[in-house]
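Colleague: I have a new structure open and would like to learn how to read it. Could you take me through it step by step?

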Amino acid sequence: MDIKILIALLPVVFMLHDFEEIIMFKPWLDKNREEIKTRFPRLDKILSRNHYQFSTSAFAVAVLHEFIIIAVITTLSMHFDSYHWWFGAFAAFFLHLFVHIAQWLIFGRYVPFIITSILVLPYCSYTFLQFLNFTEMTAGQLTLWAGIGILLTAASFYPAFFLASKFEQWVRSGYLSAR
C-alpha cells in the first residue's frame, strides 16, 4: 500500500477509535464511578473536576478539537510533502493505544476504548514500518518528533477539555429551551 494513503488514513483511524470513546465513555463512567473512586482515587479526583459531569456531546467537542489538529497536520504534511509533524501526531496516537491497553489490563475488564485500540494496532504497526522505509529522518529525528508529538498532544488536552467545559456550560444554560 502506498505510504501516502497510510498517512492520509490517520484522521480516519483516529475517529474510528474515538467513536468508541464518544459512544461508550459516559455510560461506562456512570456505571463504574464507585469502583473508580474505590480502586483509583487519584483518577477519581481527576475525573471529578469535569469528566463526570460532561455530556456525551461535550466529550465529543474535546474529541473534535483533537481531530481538527490531526486532520490539519495530516493535510499540511501531505501538501508540503514534509512529514515531521505528522510523525509526531502519529507517534502520540500510536503510544496512546498502548496506554489504553495498559488501562484495560489494570482495570481488568472492558474499558470504552479497548476494542478499537486493538483493532487499529495493525494499521499503526504497518504504517510505522512503512514510514521507516519511506522517511529520510534519522532515528534521533524520529525520536525527537515523537517526543514533540507526545508533549503537544498532552498539552492539547487542556484546551480540548476547556472547550468541552464551555460547551457543557452553554448547553446547561438552556440554549435549547423554547422562548
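**Reading the core and the surface**

Modeller: Happily! This is a predicted model. In soluble globular proteins, nonpolar side chains tend to be buried together. Here the largest nonpolar core has 41 residues, and Trp-86, Phe-87, Phe-90, Phe-93, Tyr-123 and Phe-131 have the most contacts inside it.

Colleague: Which helices each supply at least two residues of this core?

Modeller: Helix 1 (3-8), helix 2, helix 4 (56-80), helix 5, helix 6 (114-134) and helix 7 (139-172) each do. Helix 5 gives the largest share, 10 residues.

Colleague: And what is Phe-87 in contact with, leaving aside its neighbours within four places in sequence?

Modeller: Its partners are Phe-128, Phe-131, Met-137, Leu-142, Trp-145 and Ala-146. There is also a second, separate core of five residues, which includes Phe-54, Ala-58, Ala-62 and Ala-160.

Colleague: How many residues does helix 5 have, and what is its reach?

Modeller: Helix 5 covers residues 84-107, 24 residues in total, and spans 35 Å from its first C-alpha to its last. That is close to the 34 Å expected at 1.5 Å a residue. Just after helix 5 comes Gly-108, with a positive phi of about 90°.

Colleague: Now the outside. Which residues form a nonpolar patch on the surface?

Modeller: Val-12, Leu-16, Phe-19, Ile-23 and Met-24 do, with about 460 Å² of accessible area together. An α-helix has 3.6 residues a turn, so residues three or four places apart point the same way. Phe-19 is found in helix 2, residues 10-39.

Colleague: Why does Phe-19 count as partly exposed?

Modeller: Because its relative accessibility is 41%, and partly exposed lies between under 20% for buried and over 50% for exposed.

Notes. Residues are numbered from 1 along each chain as its sequence is written. This is a predicted model: local features need pLDDT of at least 70, side-chain atom pairs count only at pLDDT 80 or more; totals for chains, interfaces and linings use all residues. Side-chain values use heavy atoms; hydrogens and water are left out. Helices (H or I, at least four residues) and strands (E, at least two) are DSSP runs, numbered from the N terminus. The expected span of a helix is 1.5 Å times one less than its number of residues. Patches are made of residues with over 30% relative accessible area and no salt bridge: like charges are joined within 9 Å, nonpolar side chains (Val, Leu, Ile, Met, Phe, Trp, Tyr) within 5 Å. Accessible areas come from the Shrake-Rupley method with a 1.4 Å probe; for residues, only the protein chains shown count as cover. A salt bridge is a side-chain nitrogen of Lys or Arg within 4 Å of a carboxyl oxygen of Asp or Glu. Buried means under 20% relative accessible area, exposed over 50%, partly exposed in between (1.4 Å probe, protein chains only). A nonpolar core is a set of buried Ala, Val, Leu, Ile, Met, Phe, Trp, Tyr and Cys residues joined through side-chain atoms within 4.5 Å. Contact means heavy atoms within 4.5 Å.
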